[in-house]
Amino acid sequence: PRKKPDRMAWVNHLASIRDQKDRSAFAEVFTHFAPRVKAFLMKSGANPDMAEEVAQDVMATLWRKAHLFDPTKASVSTWIFTIARNRRIDMLRKQRRPEPEDLTWGPEAEPDQADVLALQQDCAKLGEALAALPEKQRDLIVRAYYGELTHSEIAEATGLPLGTIKSRIRLALNRLRHQMK
Amino acid sequence: MTEIKHHLTDALLMAYSAGTLPEGFSLVVATHISLCDECRARMHEFDAVGGAVVDEQAPVAMSDHSLATTLDLIENGDIPAPASRISSGHFPTPLQDYVGGDLDAVRWRRVGGGVRQAILKVDESASVRLLHIPAGVAVPDHGHRGTELTLVLQGAFSDETDRFGKGDIEVATQDLNHQPIAEMGQDCICLAATDAPLRFNSLIPRLLQPFLKI
Ligand SMILES: [Zn+2]
Ligand SMILES: [Zn+2]
């Protein structure tokens, strides 16, 4: 059986990388995630050499951008996914990706630990919900993220029951927006 | 922040999150998310699905020296530290990136009936333009061969389906025939993207179509 990743441990590793330039924390993150990013990129159409190179680049970007990671909005695997996806668009598809404007407050130095824990638990539940889907449905979603689906196929995939993590992110966003006023 | 009533569809958000949306559509999506906390939260949800997909990958071994190579990249590489992206103008930053500045940098061209447009440069998978429609003026009625996204940046317009105010997005597909009319009071500025030419219902716009690139 697959060992469940401890999301809070990864969050703490990211903080060590950000605050102490902690190489052993980075090595652990690298050892777990780089081979998964490489696998993801190969499924997305990259050849092994390219996937290796881009996976290294993704992990280097994680180090350089560690101060931008916001554990009230993303788990470490979610954040790594977004970096890998952007590199895939950049390097493999040679396209530009317009990104939304940053929020005016940025990640908080001391985020509310209850918010962090809630979001990380929600991400874990989402992972379990994905794993528990019938194979055909799961395959549809996974293929969407490999970049294989057309628009109408994606419309089909978005109708699938995936559990939900919406309330927590929305609550945290709303509260922060409020504090800023 | 004004009250936004019309939001992105799940399919658009998932395709944006998966990184497969045409560039022109991604620009409209990123601009809407810049204005809309609701869709920003939904984007994070769809990104979380992507994170779960990465999590469930069976690992593929990295090359022998990959960690050392990566640490070397961190020490010596030129991965730029990202600049903060917060707009202080009319347009959210993703749109400013494509205009090359704010509202006053837009190079408008007249297209008839008082309407002005500025085509923005994106790859060929969709075309995207800014439209400036004087208050009270109608865009020629038309149907759609593909998908058309229209995001209101200033003023408001109404069509057969509803009223669209600042921040609202209309997602028009093949089933919709409409004639958007800018509301009285303030000129309407929209960001519009299509992945197929529109289908105009009257002769004059149809004749002009090659010139409008619409
Ligand atoms: Zn929205
Ligand atoms: Zn239309």
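**Salt bridges, interface and cavities of the two-chain model**

In this predicted model, 15 salt bridges are counted over all chains. One of them joins the side chains of A:Asp57 and A:Arg87, with an N to O distance of 2.1 Å. This pair connects distant parts of the chain, since A:Asp57 belongs to helix H3 (residues 48–64) of chain A and A:Arg87 to helix H4 (residues 76–92) of chain A, with 30 residues separating the two.

Salt bridges also occur between the chains, where four are found between chain B and chain A. Among these inter-chain interactions is the salt bridge of B:Glu56 with A:Arg138, in which the closest N and O atoms lie 3.1 Å apart. Polar contacts across the interface of chain B and chain A amount to 19 residue pairs, with both residues at pLDDT 80 or more. On the side of chain B that touches chain A, the elements contributing two or more residues are helix H1 (10–18), helix H2 (23–35), helix H3 (37–55), helix H4 (66–76) and helix H5 (93–99) of chain B. Of these, H3(B) provides the largest share, with 18 residues. Classified by residue type, the side of chain B that touches chain A comprises 37 nonpolar, 17 polar and 14 charged residues.

The extent of the interface was examined next. The size of an interface is often expressed as the accessible area lost when the parts come together. Chain B and chain A bury about 6,300 Å² between them, and carbon and sulfur atoms account for 61% of this area. In terms of residues, 68 of chain B are in contact with 69 of chain A.

Internal empty space was also considered. A probe the size of a water molecule, rolled over the atoms, shows where such space is left. The search of the whole structure identifies two cavities of 30 Å³ or more, and the largest cavity has a volume of about 50 Å³. The lining of the largest cavity is formed by A:Ile89, A:Gln95, A:Arg96 and A:Arg97 together with B:Gly19, B:Leu21, B:Glu23 and B:Ser26. By class, the lining residues of the largest cavity divide into two nonpolar, three polar and three charged.

With regard to backbone geometry, A:Lys21 has a phi near 50°, a positive value in a residue other than glycine. A:Lys21 is placed in the loop between helix H1 (7–20) and helix H2 (23–43) of chain A.

Note on methods: Residues are numbered from 1 along each chain as its sequence is written. Chains are lettered from A and ligands numbered from 1 in the order in which they are written. This is a predicted model: local features need pLDDT of at least 70, side-chain atom pairs count only at pLDDT 80 or more; totals for chains, interfaces and linings use all residues. Side-chain values use heavy atoms; hydrogens and water are left out. On a 1 Å grid over the protein atoms alone, a cavity is a set of points where a 1.4 Å probe fits but cannot get out, and a pocket is an open set with protein on both sides within 12 Å along at least five of seven lines; lining residues have an atom within 4 Å of a point. Grid points are joined across faces, edges and corners, and a volume is the space filled by probe spheres set on the points. Ala, Val, Leu, Ile, Met, Phe, Trp, Tyr, Cys and Pro count as nonpolar, Asp, Glu, Lys and Arg as charged, and the others, Gly among them, as polar. Contact means heavy atoms within 4.5 Å. Buried area is the accessible area (1.4 Å probe) that two parts lose on being put together, summed over both. A polar contact is a pair of N or O atoms within 3.5 Å; within protein, one must be able to donate a hydrogen and the other to accept it, and residues adjacent in sequence count only if both atoms are side-chain atoms. Helices (H or I, at least four residues) and strands (E, at least two) are DSSP runs, numbered from the N terminus.
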